[in-house]
Amino acid sequence: MTCTLSRTETYSLLALSAACVGVLANTFHGEGEPLIASLAFSGIAFGLSYSLIRWLGDTFMGAGLKGRDMAKTKTSEIPETMGAVCAIVYLLVIIIFIPFPFYKDIVAATSGGGNRDVVLEIEQVETGRFLHRFPHSKLASYLSAILSLQAVVLLGIGDDLFDIRWRHKLLIPAFAAIPMLIVYFVDFGVTKVIVPVPLQPYLGPLFDVGWLYYAYMAAIAIFCPNSINILAGINGIEVSQSIVIALLLVLNDTLYLSPFTRYPHPATDSHLFSLYLLLPFIGVSAALWFHNWYPAKVFVGDTYCYFAGMVFAVVGILGHFSKTLLLLFIPQIFNFIYSAPQLFRLVPCPRHRLPRFNARTGLLEPSIAQFQRPPPTPVALGMKLLHQMRLLQVTANDKGEVVESTNFTILNLWLVWFGPMREDKLAIGLLGMQTACGLVGLIVRHRMALLVFSQDNLGV
């Protein structure tokens, strides 16, 4: 990968950045227009990330952050952990963005509310600004989101540098989620869930689950980053699945804005908060995608997986739509359940379970896990059942004992179903499934949920 920008890239990025700066300057002529400002910041984040990825490639390789793409005929070393660059740019952008969503509130909280003709009473002069008018709870949520994301990026970089083992890094996102959960407890604190209509005669319309709700939110913070990290191993799949999920979340957020729903909707502020975090994320991810898509010029590293998953966990928890978020993670949930026998060591789990590259054909094939000794009878029976259901390929010896099987990942399963294929074709197929599952999830959330719940909050 060349470490310089072409003339076309340079002029294009300069034009994009200049346009975004102009939009930002224009927002202050009105009332701040935070959503427009967020879009402009997203463009700036894209340009900055795109440039830094290109400029810092040699620096990362010189520091030993490099790897070989094993799914290519000619393997050469390329920069690794470039997702850290995007994560840092993202953090800087959302920090600089802080004044924009609170612009009107800052003006209103100052003496006179920005109006020079206002006559102040002596009590107001003595007590200073009207800070009671400022939405401190919203600012606390935003700052806690930044703290959680900063923490997970630092822990992710540590994982990329020191290659932490799975059993140790599994709970990394839980520690990063502590600031977010504390703010949720102090400012919101709702631990009641709506009971489905058939169960309301027994449990009532609302049921308080207490501390279990915080355990549930912590589980989401653990699952989202790790699920993206598990569904990995081919060019572009980590970034692409994250972009698809982010775009589906943006679609869901847009449904709560005018003209799709009456304004102001009770959930509008929560979904605006989600958009403020998602739009810059899409910007930095798009820049990384251009370098990581087949054939990859850089690797994203574990940092990006943790960072992307925590962005989704933050918007789902603080935006109060965690159940909707899970509906968009259907492929990741399936992949986790499907991988569980290997993750929990019921069957042998090699360090790398990515599909096997056949240098003769140039295609990816399902990778194999070999058994040194036959698995326990219940496990063997379960594997043979999966084999009959075409959810696994199992090889048995003359005695009927399982000696090898395909690895338990959705990437390998896709190759079992559709046969060997090129790397980009595999990624496109999985992304098509991700998009379809996400759209179905949104339909279930806003239409079919009415079959078991009395109403959808979109119509409130």
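Here's a quick tour of the aromatic pairs and nonpolar cores in this structure. Keep in mind that the model is predicted. Phe312 is a good residue to start from: Phe312 and Tyr90 have the most contacts inside the largest nonpolar core.

**The Phe312 and Phe329 pair**
- There are 30 aromatic pairs in the structure.
- In one of them, the ring centres of Phe312 and Phe329 sit 5.9 Å apart with the planes at 75°, so this pair counts as edge-to-face; the cut-off for that label is over 60 degrees.
- The two partners come from distant parts of the chain, 17 residues apart: Phe312 belongs to helix 15 (residues 301-318), while Phe329 lies in the loop between helix 16 (322-327) and helix 17 (330-343).
- Phe312 is buried, with a relative accessible area of 0%, and Phe329 is buried too, also at 0%.

**Around the pair**
- Both rings belong to one aromatic cluster, along with Tyr90, Phe223, Phe281, Tyr304, Phe307 and Phe336.
- Setting aside residues up to four places away in sequence, Phe312 touches Ile228, Ser242, Ile245, Ala246, Leu249, Leu278, Phe281, Leu325 and Phe329.

**The nonpolar cores**
- As a rule, nonpolar side chains in soluble globular proteins tend to be buried together.
- Here, the largest nonpolar core has 97 residues, and helix 15 gives the most to this core, with 13 residues.
- A second core, separate from that one, has eleven residues, among them Phe371, Leu391, Phe408 and Leu413.

How values were computed. Residues numbered from 1 in each chain as written. Predicted model: local features only at pLDDT ≥ 70, side-chain atom pairs only at ≥ 80, totals over all residues. Heavy atoms only, no water. Phe/Tyr/Trp six-rings, centres within 6.5 Å; stacked < 30°, edge-to-face > 60°. Helix = DSSP H or I, 4+ residues; strand = E, 2+ residues; numbered from the N terminus. Buried < 20%, exposed > 50% of the residue type's maximum accessible area, 1.4 Å probe, protein only. Core = buried A, V, L, I, M, F, W, Y, C linked by side-chain atoms within 4.5 Å. Contact = heavy atoms within 4.5 Å.
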